[in-house]
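I opened this entry to look up the charged side chains and to note where they pair and where they do not. The structure comes first, and my notes follow.

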Amino acid sequence: RAAAARNASSIQMLSVQPDTKPKGCAGCNRKIKDRYLLKALDKYWHEDCLKCACCDCRLGEVGSTLYTKANLILCRRDYLRLFGVTGNCAACSKLIPAFEMVMRAKDNVYHLDCFACQLCNQRFCVGDKFFLKNNMILCQTDYEEGLMKEGYAPQVR
């Protein structure tokens, strides 16, 4: 994440004042005569000229941040896809791409589809209780059954 922050730059949308001299676009080198322009990387851009080098999306439309690395201007998704840190899912051990949404429990990271009880495969919804025991995600029922087998009675409040 720290590397991404170092390579991030903000994008500002500015209104062009009618009484000012038109600025030159860093993308196409033509004068910007539009109503709005973008300021990024200490340069001025037409809205159509500030695009991701990979997916060609208009960066002013997808957020207020762009990323640069290896002389490329990129959207967040492509920056993370190309240069982001990836890891493995704690449940299935398969690679998790850096741009993919994940669930975390302590030091473990999971694909969204893998974030389920590892005994009964019950998927968790937002707000559901889950337990982490011996590095396994468990639903409340399986966790309490495990405690009963170990001779511990769960505390009911």
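Before sorting residues by accessibility, I fix the terms: a residue is buried under 20% relative accessible area, exposed over 50%, and partly exposed in between. I also keep in mind that this is a predicted model.

Entry 1, the pair D113 and R123. I looked up D113 and found a relative accessible area of 61%, which is over the 50% cut-off, so D113 counts as exposed. Its side chain meets that of R123 in a salt bridge, at 3.8 Å from N to O. Both D113 and R123 lie in the loop between β10 (108-111) and β11 (131-133), ten residues apart, and the pair is noted as linking distant parts of the chain. R123, with a relative accessible area of 45%, is partly exposed.

Entry 2, the pairs of R58. How many salt bridges does the structure hold? I find four, and next I followed those that involve R58. The side chain of R58 meets that of E47 in a salt bridge of 3.9 Å, N to O. R58 and E47 both sit in the loop between β4 (43-45) and α2 (59-62), so this pair ties together parts that are eleven residues apart in sequence. R58 also forms a salt bridge with D48, and here the closest N and O atoms are 2.4 Å apart. D48 lies in the loop between β4 and α2, as does R58, so the pair ties together parts ten residues apart in sequence.

For accessibility, I noted that R58 is partly exposed at 27%, that E47 is partly exposed with a relative accessible area of 23%, and that D48 is partly exposed at 46%. Which residues are joined into one network by salt bridges that share partners? I list E47, D48, R58 and E61.

Entry 3, a charged residue without a salt bridge. I turned to D142, whose place is in helix α4 (residues 140-149). Is D142 buried or exposed? D142 is buried, yet it has no salt bridge. The nearest side chain of opposite charge is that of K149, 7.5 Å away, whereas a salt bridge requires the nitrogen and the carboxyl oxygen to be within 4 Å. Leaving aside residues up to four places away in sequence, I find that D142 touches C117, L119 and C120.

How values were computed: Residues are numbered from 1 along each chain as its sequence is written. This is a predicted model: local features need pLDDT of at least 70, side-chain atom pairs count only at pLDDT 80 or more; totals for chains, interfaces and linings use all residues. Side-chain values use heavy atoms; hydrogens and water are left out. Helices (H or I, at least four residues) and strands (E, at least two) are DSSP runs, numbered from the N terminus. Buried means under 20% relative accessible area, exposed over 50%, partly exposed in between (1.4 Å probe, protein chains only). Lys and Arg count as positive and Asp and Glu as negative; His and the chain ends are not counted. Contact means heavy atoms within 4.5 Å.
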